[in-house]
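Colleague: I'd like to go through this model with you and hear the reasoning behind the labels. Could you put it up?

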Amino acid sequence: MKHLALVGTGTLGKALALRLLASGYSLSLYNRTFQKARDIAQQRSVAVRAFSELFIAPFPVILLCVTDAHSIRALFCDADIERKVAQTHPVILNISTVGPQESERLEAYFQSLGASYTECPVSGGPEGAKAGALAAWVGKIPADFKDRIIPVINCMAANSVQLDDNRAAQAMKVLNNYCEALHLVIAAEAILATQRLGLSAEMVQQALLLGRGRSVYMEVMLQRYLHPDSSVSVPLDIRLKDLALANHLFQTCGIASPYLDYTRNVYQQTMRLSTLPQDQTACFTWLSEVLYR
Ligand SMILES: NC(=O)c1ccc[n+]([C@@H]2O[C@H](COP(=O)([O-])OP(=O)(O)OC[C@H]3O[C@@H](n4cnc5c(N)ncnc54)[C@H](OP(=O)(O)O)[C@@H]3O)[C@@H](O)[C@H]2O)c1
C-alpha cells in the first residue's frame, strides 16, 4: 500500500487528503489543531496527535501544507524532532507557499539534517485539489526518490512543470499568486460597475466572460457574486501572506508596482470587515460597501 504523511489539514490540506485517499493512498495526518485532522480521518488514514509519530519508519514521504515558512520551523525546530529527522531521512514535499528566499533557507536546513526537500507549490484551490486538477511548480527531485514523488504530484496536479531548482518553483508560484490577486480585484471592480449600471445578474453572467478581458479569477468572483456564500476557499490571510511574498520578490527585482500596493490595500482593508475567517472574494464587499459606498 502506498503510504504518505500529510502535515496541515487546513483548507487546502483537507482537500488534498481527500484526493489522495480517493486515489488509493493511505495517510498519517497531523495537524497542530488535532480536531481538524481527526475530523477527516477515515478508512486508510489515521490522525496522529504528536508530530513525532510521523518519524517511525525510514524515508517517510511527508507532504507539508501549512501557512508559511514560520509554520514549518515551528514544527521542525525542536531537538527531539531534528534527531528523528536525522535518523529517518524523510522525503519532504512542500506544498505550502513560502517564497524563494525562505525556500533556499529551508532547503539548506533540511539538507543539513539529512532530509530530502522538494518544493511543490500549487494553484487551483480546494476545488482543484479534490479533483486532482491543480497546477504545480516542482523544484528539484532527488533521483533516488523520483519514483515515489512523481506519482504523488501527478495524483494532485493535472498540470505541472519541473523547474531547475526549488527557489525557481516558489518564485513562479509567488508571481502566479500576484496575478491571481490582481485579477480578482479587477473582476470585483468590473462586476461592481455592472451593478451600478443596473445590469441584471443574468445579463452579466452571459456577457462578462465573453471577451478577451476574461480571466479564471473573473469566473471565481462572478460565481460568488451570482451565488453568495460565506465558505472559505482561499483564506484572506493566506492571500495577504502571498502578497507580502510578492512584495519582497518585486523589491529584490527592483520593481515598484502601484498595482501591488493598491491590491494589498484592498485585501488589508477587507480583512478589517470581520474577525471571522473570510474568503478572498470578500474584497467585493469592501469595494461596494466601504470604498465606493
Ligand atoms: N487555500 C488555497 O486555495 C491554496 C491554494 C494554493 C496554495 N495554498 C497554500 O497552501 C498552504 C495552506 O493554505 P490553506 O489555505 O490550507 O491555509 P489554512 O486553511 O489557513 O491552513 C493553514 C494550516 O497551517 C497550519 N499552521 C499554521 N501555523 C502553524 C504553526 N505555527 N505550526 C503548525 N501548523 C501551523 C494550520 O494548523 P491549525 O489548523 O492548527 O491552525 C493549518 O493546518 C499555504 O501555504 C497556502 O499559501 C493554498
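Colleague: Let's start with handedness: is the crossing of α8 and α10 left-handed or right-handed?

Modeller: Right-handed. Bear in mind that this is a predicted model. The axes of α8 and α10 (residues 216–226) are 8 Å apart, and the helices pack at an angle of about 45°.

Colleague: What makes α8 and α10 oblique to each other?

Modeller: Set the angle against the cut-offs. It is about 45°, while roughly parallel needs under 35 degrees and roughly perpendicular needs 65 to 115. The value fits neither class, so α8 and α10 count as oblique.

Colleague: Which residues make that contact?

Modeller: On α8 they are E180, H183, L184, A187, A188 and I191. From α10 you get Y217, M218, V220, M221, L222 and Y225. Sorted by class, that contact has 10 nonpolar, 1 polar and 1 charged residues.

Colleague: Now α12. Why are α8 and α12 called roughly perpendicular?

Modeller: α8 packs against α12 (residues 258–271) at an angle of about 70°, with the axes 10 Å apart. The perpendicular class runs from 65 to 115 degrees, so about 70° puts the pair in it. As for handedness, α8 passes α12 in a left-handed crossing.

Colleague: How do you know which residues of α8 and α12 meet?

Modeller: The test is whether C-beta atoms, placed from the backbone, lie within 7 Å. By that test, Y178, A181, L182 and V185 in α8 meet Y259, L260, T263, V266 and Y267 in α12. The tally for this contact is 8 nonpolar, 1 polar and no charged residues.

Colleague: And how do α8 and α11 cross, left-handed or right-handed?

Modeller: That one is left-handed. The axes of α8 (residues 166–196) and α11 (residues 236–253) come within 9 Å and cross at roughly 115°. From α8, A171, V174, N177, Y178 and A181 take part, and they meet R239, D242, L243, L245, A246 and L249 in α11. This contact divides into 8 nonpolar, 1 polar and 2 charged residues.

Colleague: Let's zoom out. Which domains is the chain divided into?

Modeller: Domain 1 covers 3–164 and domain 2 covers 171–291. Their C-alpha centres lie 28 Å apart.

Colleague: How do you know that domain 1 and domain 2 are in contact?

Modeller: The 7 Å limit between C-beta atoms applies here too. With it, 14 residues of domain 1 are in contact with 16 residues of domain 2. On the domain 1 side, α5 (100–113) and α6 each supply at least two residues. α6 gives the most, with 3 residues. That side divides into 5 nonpolar, 7 polar and 2 charged residues.

Colleague: Why do you say the ligand lies between domain 1 and domain 2?

Modeller: Both domains give residues to the shell around the ligand, so the ligand lies between them.

Colleague: What makes a residue part of that shell, and how many residues surround the ligand?

Modeller: The C-beta atom has to lie within 6 Å of the ligand. On that basis, 29 residues surround the ligand, and the closest are G10, T11, R32, T33 and S71. At least two residues come from each of α1 (11–22), α3 (69–76), β7 (122–123), α6 (125–131) and α11. Split by class, the shell has 11 nonpolar, 14 polar and 4 charged residues.

Definitions and conventions
Residues are numbered from 1 along each chain as its sequence is written. This is a predicted model: local features need pLDDT of at least 70, side-chain atom pairs count only at pLDDT 80 or more; totals for chains, interfaces and linings use all residues. Axes are lines fitted to C-alpha atoms, for helices over the stretch in contact, and angles run from 0 to 180 degrees between N-to-C directions. Helices (H or I, at least four residues) and strands (E, at least two) are DSSP runs, numbered from the N terminus. A crossing is left-handed if the near helix is turned anticlockwise from the far one by less than a right angle, and right-handed if clockwise. Two residues are in contact if their C-beta atoms, placed from the backbone, lie within 7 Å. Ala, Val, Leu, Ile, Met, Phe, Trp, Tyr, Cys and Pro count as nonpolar, Asp, Glu, Lys and Arg as charged, and the others, Gly among them, as polar. Domain bounds come from an automatic or database domain assignment. Angles under 35 degrees count as roughly parallel, over 145 as roughly antiparallel, 65 to 115 as roughly perpendicular and the rest as oblique.
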